[in-house]
Amino acid sequence: MHMETKYLVSLSKGRAVLRVLGHASYLNCVGVGDFFGKAIELGAREIAVDLAQCAGMDSTFLGTLAGGALKLMAVGAKMSLVNVGERNLELAKNLGLENIMSISAPEAGASSMEPAGEELPSGKAAAENILNAHETLAGISPENEAKFEDVISFLKRETRK
């Protein structure tokens, strides 16, 4: 049975939480970058992304996380990935995300963070959103640039049509 992906968010006292329920991908992460921007605008200086119930992540979502982390760094703030399972940890580390955010595995016996309240809308992301996410990943390291150069070239052609 396919579970619909949901993003639950909350913002309180300078701290924002994004909980990912399901598979985070280009199909459903268009509102995530907007949430990061809005949270920073409203004074968040720490954003925790809770992956306890995240079934997987694609490169667009990972690029969106990287973009949010870089925006936070620009204002002297930080992002952290929490409750990161083994597979998602491998994905994040393969792209060097530990260089721009803190990443922690689930603690034994710990439950995920308090439920975040508001649900972000989902829907198909525009090709420009996907392009921006991959350009962000490419900017993190030369290895990422090589990994994503074909995707970026393709998306640049697609967005100019």
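Me: Which residues of helix H5 are buried?
Reply: Asn 144, Phe 148, Ile 152 and Leu 155 are the buried residues of H5. The model is a predicted one. Buried means a relative accessible area under 20%. An α-helix has 3.6 residues a turn, so residues three or four places apart point the same way.

Me: How do you know that the span of H5 is close to the expected one?
Reply: H5 covers residues 142-159, which is 18 residues. The expected span takes 1.5 Å times one less than the number of residues. That gives 26 Å, and H5 reaches 24 Å from its first C-alpha to its last.

Me: Where is the kink in H5 centred?
Reply: On Phe 148, with an angle of about 55 degrees. Phe 148 is also one of the buried residues of H5.

Me: How many aromatic pairs are there?
Reply: Ring centres must lie within 6.5 Å. By this rule there are two pairs.

Me: Why is the pair of Tyr 7 and Phe 61 called stacked?
Reply: The centres are 6.0 Å apart and the planes meet at 25 degrees. Planes under 30 degrees apart count as stacked. The pair therefore meets both limits.

Me: What does the pair of Tyr 7 and Phe 61 tie together?
Reply: Tyr 7 sits in strand E1 (residues 6-12) and Phe 61 in helix H2 (residues 59-74). The pair thus links parts that are 54 residues apart in sequence.

Me: Are Tyr 7 and Phe 61 buried or exposed?
Reply: Tyr 7 has a relative accessible area of 1%. Phe 61 has 0%. The limit for buried is under 20%, so Tyr 7 is buried and Phe 61 is buried.

Me: What makes the pair of Phe 35 and Phe 36 tilted?
Reply: The planes stand at 50 degrees, with centres 6.1 Å apart. Stacked needs under 30 degrees and edge-to-face needs over 60, so this pair is tilted. Phe 35 and Phe 36 are both buried.

Me: Why is strand E3 called largely enclosed by the rest of the structure?
Reply: E3 spans residues 46-50, and four of its five residues are buried, so the description follows.

Me: Which strands pair with E3?
Reply: Strand E2 (residues 15-24) pairs with E3 in the parallel sense over five bridges. Strand E5 (residues 78-82) also runs parallel to E3, again with five bridges. At least two bridges are needed for pairing. Glu 46 in E3 stands opposite Arg 15. In E5, the bridge partner of Glu 46 is Lys 78.

Note on methods. Residues numbered from 1 in each chain as written. Predicted model: local features only at pLDDT ≥ 70, side-chain atom pairs only at ≥ 80, totals over all residues. Heavy atoms only, no water. Helix = DSSP H or I, 4+ residues; strand = E, 2+ residues; numbered from the N terminus. Buried < 20%, exposed > 50% of the residue type's maximum accessible area, 1.4 Å probe, protein only. Bend = angle between axes of the 7 residues up to and from the residue.
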